[in-house]
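Here is a friendly briefing to read with the model open in your viewer. It goes from the overall build to the sheets, the cores and a few local spots.

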Amino acid sequence: MIWIRGGRVIDPKSGRDQRADIVLEGSRIAQILWKEEGREEEAAKGIASCSYAKIIDASGLVVAPGLVDVHVHFRDPGFIYKEDIFTGAAAAAKGGFTTVVCMANTNPKIDNVETLKEVLEKGKKTPIHVLACGAVSMGFGGKELTDMEALKEAGAVGFTDDGIPLTDGRFVKQAMEAAARLGLPISLHEEEPAFIAQNGINHGKVSEKLGIIGSPSLAEDSLVARDCMIALHTQAAVEIQHISSKNAVAAVRMAKALGANLWAEVTPHHFTLTEEAIEKHGSLAKMNPPLRKEEDRQALIAGLKDGTIAIIATDHAPHSREEKEKPLMDSPSGIIGLETSLALGLRELVHKGHLSLVELMQKMSLNPAQLYQLDKGRLEEGAPADLVIFNEHEVWKAESFISKASNSPFLGETFEGKVKMTICGGKVVYQDKEYSG
């Protein structure tokens with residue numbers, strides 16, 4: 001058994017935020033002693049009388065459910081020079097994540113049971129929960145549905161062609177209907193290629209300085225608006241991935257009010273940075289969809305505050321140094337994010353008064369788990385022993401990463417809020433070297 005003593009415990013399911021002791025037994029939470037209950041002294045004696053394999057002093061620290069990231073690229077199989085399932089899982093654990101959902105754009109793509117099983121089997125050998133989506137279309141071609149039922153039976157938790165938009169509205173309707181029949185979510189990358197001259201950079205003042213056209217928000221807005229209405233019609237559980245524009249947020253807000261089962265996802269880099277980051281960081285700030293204007297960033301934060309945006313996910317997208325050092329328009333889009341995500345959420349949302357800690361944990365653990373129907377994201381007796389322990393105010397510098405990749409505009413930046421320990425399945429899977437526990 002493990003005894004976690006004296007932490008500030010956050011349970012996003014009940015909304016509880018107060019000091020407590022937590023006892024872990026095996027892979028479950030055996031007991032939570034909330035400090036303001038009248039039986040505190042008696043129960044504390046009962047806890048203290050037991051024998052523990054480990055006692056963790058969490059005084060002055062936050063104890064929350066292990067984070068759940070529903071949008072990661074571990075590049076395995078096919079691109080393991082960028083990342084693999086084992087290094088990706090290690091980066092996740094360092095960032096406080098105990099569950100991740102891998103995207104299907106591997107090589108070969110996860111459009112077949114064999115590749116899905118390969119990913120899941122490797123995932124079982126890591127210290128965290130590594131899950132995966134199956135592809136929506138064969139070969140990401142957007143024309144022929146995969147055998148979604150077989151993929152579900154083999155362990156797929158949802159479906160996505162992330163990285164490639166589905167441009168055929170009739171096909172999208174067919175895919176949503178199939179996903180709804182199977183009771184699994186479908187996640188959509190929303191960028192209409194017809195409106196994009198060069199992707200990865202917003203069409204705006206920075207692109208004009210660079211002498212390129214870039215990617216206007218219209219590319220995102222048009223597909224989001226279409227798919228919001230198809231989602232309303234089909235009643236499928238639909239996730240709008242890495243939302244970035246103010247009009248897309250407004251479209252989701254309207255469709256949810258009409259009754260659509262929509263889940264919007266935002267990345268830390270989109271609610272932190274704007275298109276101006278391209279001038280400072282070059283290709284390290286290039287991503288799809290691109291960083292947009294300040295008014296868009298503010299709309300994302302407003303969407304988080306009012307519940308329009310339910311999920312924070314990293315879109316962890318590793319690339320090699322050589323790839324990212326190519327000329328701007330030749331370099332690939334995407335950045336890593338697992339090791340800086342919580343710190344950015346704390347700095348940009350909690351410390352600036354936009355969200356409470358409970359609300360941040362809802363976006364980073366409970367809501368992602370609910371989308372994928374996972375028994376995660378809560379701290380209560382009988383719940384899984386998946387937890388993150390962090391210092392909300394500890395200052396640290398992102399000097400290096402556990403990930404194979406370092407393609408991040410936040411490399412070298414100073415943060416406030418640091419993961420001290422990650423526990424998954426009742427086992428310590430990451431511990432900060434400066435934290436004795």
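A residue is called buried when its relative accessible area is under 20%. Keep that cut-off in mind for strand β12, where Leu262, Ala264 and Val266 point one way, Trp263 and Glu265 point the other way, and all are buried. The model you are looking at is predicted.

**Overall build**

- The protein holds 14 helices and 16 strands. Its radius of gyration is 21 Å, close to the 22 Å from the globule rule for 437 residues, so the protein is as compact as a globular protein of that length.
- Along the principal axes, the C-alpha trace spans about 65 × 45 × 40 Å.
- Buried residues account for 60% of the 437 residues.
- Taking contacts between residues at least 6 apart in sequence, 74% of them join residues at least 24 apart.

**The five-stranded sheet**

- An open sheet of 5 strands is ordered β9-β10-β11-β12-β13, and the pairing is parallel. The edges are β9 (159-160) and β13; each has a single partner strand, so one side of each is left without a neighbour in the sheet.
- At the β9 end, 2 bridges connect β9 with strand β10 (residues 186-188) in parallel. Here Thr160 sits opposite Ser187 of β10.
- Further along, strand β11 (residues 238-240) runs parallel to β12, joined by 3 bridges. Val238 faces Leu262 of β12 in this pairing.
- On its other side, β12 is joined by 3 bridges to strand β13 (residues 309-312), again in parallel. Glu265 has Ile311 in β13 as its bridge partner.
- β11, helix α8 (residues 246-258) and β12 form a β-α-β unit that is right-handed.
- How enclosed is β12 (residues 262-266)? For this strand, 5 of the 5 residues are buried, so β12 is largely enclosed by the rest of the structure.
- The two directions taken by the β12 side chains fit a wider pattern. In a regular strand, side chains alternate between the two faces of the sheet.
- Two helices lie across this sheet. Helix α11 (residues 294-306) crosses β12 and β13 at about 105° to β13, while α14 crosses β11, β12 and β13 at about 95° to β13.

**The three-stranded sheet**

- A further open sheet has 3 strands in the order β6-β7-β8, paired in parallel. Its edge strands are β6 (67-72) and β8 (129-132), each pairing on one side only.
- Neighbouring strands in this sheet are turned by 20° against each other on average, direction ignored.
- Between β6 and strand β7 (residues 97-102) there are 4 bridges in the parallel sense. Val68 has Thr99 as its bridge partner in β7.
- Helix α14 (residues 357-371) packs on this sheet as well, touching β6 and β7, with its direction at about 75° to that of β6.

**Nonpolar cores**

- Which members of the largest nonpolar core touch the most other members? Among its 81 residues, they are Met176, Val238, Ile243, Leu262, Leu342, Leu360 and Phe390. Helix α5 (residues 169-182) gives the most to this core, with 7 residues.
- A second core of 21 residues is separate, and its members include Val9, Ala20, Ile29 and Leu61.
- With neighbours within four places in sequence set aside, the contacts of Ile243 include Glu220, Ala248, Val249 and Val252. They also include Ala264, Glu265 and Val266, along with His270, Leu300 and Ile309.

**Helix α2 and Thr106**

- In helix α2 (residues 85-94), 7 of the 10 residues are buried, so the helix is largely enclosed by the rest of the structure. Those buried residues are Ile85, Thr87, Gly88, Ala89, Ala91, Ala92 and Ala93.
- The buried residues of α2 pack against β7, α3, β8, β15 (414-424) and β16 (427-431).
- Thr106 belongs to the loop between β7 and α3 (113-124). Is Thr106 buried or exposed? Its relative accessibility is 6%, so Thr106 counts as buried.
- Beyond the neighbours within four places in sequence, Thr106 is in contact with Asp76, Pro77, Phe79 and Thr115.

Conventions:
Residues are numbered from 1 along each chain as its sequence is written. This is a predicted model: local features need pLDDT of at least 70, side-chain atom pairs count only at pLDDT 80 or more; totals for chains, interfaces and linings use all residues. Side-chain values use heavy atoms; hydrogens and water are left out. A nonpolar core is a set of buried Ala, Val, Leu, Ile, Met, Phe, Trp, Tyr and Cys residues joined through side-chain atoms within 4.5 Å. Buried means under 20% relative accessible area, exposed over 50%, partly exposed in between (1.4 Å probe, protein chains only). Contact means heavy atoms within 4.5 Å. Two strands pair if DSSP finds at least two bridges between them. Axes are lines fitted to C-alpha atoms, for helices over the stretch in contact, and angles run from 0 to 180 degrees between N-to-C directions. A crossover is right-handed if, with the strands pointing away from the viewer, the path from the first strand over the helix to the second runs clockwise. The radius of gyration is taken over C-alpha atoms; the globule rule is 2.2 Å times the number of residues to the power 0.38.
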